[in-house]
Amino acid sequence: MQNNVVISGAGLWNPENSISNEELVASYNAYAALHNERYATEINAGERVAKPFSSAEFIEKASGIKSRYAFVKEGILDPERMRPVLEEREDDTLSHQAEMAINAAKIALQEANKTPDQIDAVIVSCAYTQRSYPAIAIEVQHALGIEGFGFDMLVACSAATFALHRAYEMVAAGTARAVLVINPELTSPQVNYMDRDSHFIFGDVATATILEQESSCNSEHAYRILGVKAQTSYSNNIRSNFGYLSRVTDTDPYSADKLFHQNGRKVFKEVCPMAAQHITDHVTATGNTNNDIRRWWLHQANINMNTLIGKKLLGREPSADEAPIVLDEYANTASAGSLIAFNKSHKDLVKGDKGVICSFGAGYSIGSLVIEKI
Ligand code: CO8
């Protein structure tokens, strides 16, 4: 027999530093002007391409993004550097990502009314981890005083939802009483701030979620999980080639292909119909229709994508109350976007209200949970 599983706590932590579109564009344009001046001879000879200029108006209209948080702001806006300055920490000091993760985890534990001794597993799941081992999850487990086990997972945009799926299975099967899932999305080190098409897309954040057996739940804001569904389909349209082989392939570790890059238009066209179909199939499989869903906590990559998917789901544009958008403040935060939306807007729902958490993006990968407030 399977246990009923609930989401009993959610936590959201963002860095203090925020960068507006205007600040980001001013630094990119200063960098582009420097580049074009420095390489004027080659550019005029057709041997090198001039850097085009960016615009804050374009960014907001094309994406819905107005600002983003940065774990470390220093360096990002320096036209001679164009990447954050992170200090190397000693091995016996808490790592950057563990620090972000713990900040969010503490808030989630509090909302769930849980203490570390009541948690049996920790999953850290995000687009990148800063090292291969020991797992960030095990470092977090140790720092919080949690017994049991922890492991890291990488699934880019769907890292958070796919990790919630794994936690759901553990709690349903009874192999863990409660699981802490954390998404410390430290994206800024992999953003190419020298690329006009993508310099504005990402921000840093951490989200955390507690899943546990319904029978042990004493949270004010708990949601029963009615079903989970995952789908992947291989695509090269969103890619980052930096990895442990970068040291031995004798290629430039700073080259653009090592950082996040994408064919944004293709992603938009291909992912929207996939996501809408996936969600509709999932909602239907739980015995509901899309009109039964009170709130949509959707992946946050682009406001126009969410509007289009919303229209496909409902036959009309969803309101901000039905499908909240957090892109304006947070930008795209890799896997954490749908959970930022959940964190910011789940306390007002009433018993019996149903919602969908859904991620879509790199892989391609789509992950969803249909949930009901209890
Ligand atoms: N300023 C001014 N003009 C610009 C800029 C800019 N910054 N950027 C592009 N333009 C120009 C283009 O050059 C183009 O000019 P022209 O028409 O002369 O060729 C024009 O504006 C239109 O460009 P696009 O067609 O590219 O513009 P779009 O309307 O398609 O908008 C977007 C671009 C915003 C990128 C859009 O395509 C989009 O959002 N697509 C979906 C992207 C998506 O969902 N990606 C998934 C991201 S992956 C993820 O979420 C997690 C990955 C792992 C994390 C990585 C962390 C680092």
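**Surroundings of Ser-125 and overall form of the protein**

In the predicted model, the side chain of Ser-125 reaches the backbone oxygen of Ala-159 at a distance of 2.7 Å. A polar atom of the Ser-125 side chain also lies 3.4 Å from the backbone oxygen of Met-153. Ser-125 has its place in strand 4, which spans residues 121–126, and with a relative accessible area of 0% this residue is counted as buried, because the term applies to values under 20%. When residues up to four places away in sequence are left aside, Ser-125 touches Met-153, Ala-159, Ala-160, Ala-163, Ile-182, Asn-183, Pro-184 and Ser-335; the partners of its two side-chain polar contacts, Ala-159 and Met-153, are thus included among these neighbours.

The protein that holds this site contains 10 helices and 13 strands. Its radius of gyration of 21 Å agrees with the value near 21 Å that would apply to a compact globule of 374 residues, and its C-alpha atoms fill a box of roughly 70 × 55 × 35 Å along the principal axes. Of the 374 residues, 54% count as buried, and among contacts between residues at least 6 apart in sequence, 77% join residues that are at least 24 apart.

With regard to the surface, the protein exposes about 16,600 Å², of which carbon and sulfur atoms supply 50%. The protein carries 34 positive and 45 negative charges, and the mean positions of these two sets are 6 Å apart.

How values were computed: Residues numbered from 1 in each chain as written. Predicted model: local features only at pLDDT ≥ 70, side-chain atom pairs only at ≥ 80, totals over all residues. Heavy atoms only, no water. Helix = DSSP H or I, 4+ residues; strand = E, 2+ residues; numbered from the N terminus. Rg over C-alpha atoms; globule rule 2.2 N^0.38 Å. Buried < 20%, exposed > 50% of the residue type's maximum accessible area, 1.4 Å probe, protein only. Contact = heavy atoms within 4.5 Å. Areas by Shrake-Rupley, 256 points an atom, 1.4 Å probe, with all protein chains shown as cover. Lys, Arg positive; Asp, Glu negative; His and termini not counted. Charge placed at Lys NZ, Arg CZ, Asp CG, Glu CD. Polar contact = N/O pair within 3.5 Å; in protein donor to acceptor, adjacent residues only side chain to side chain.
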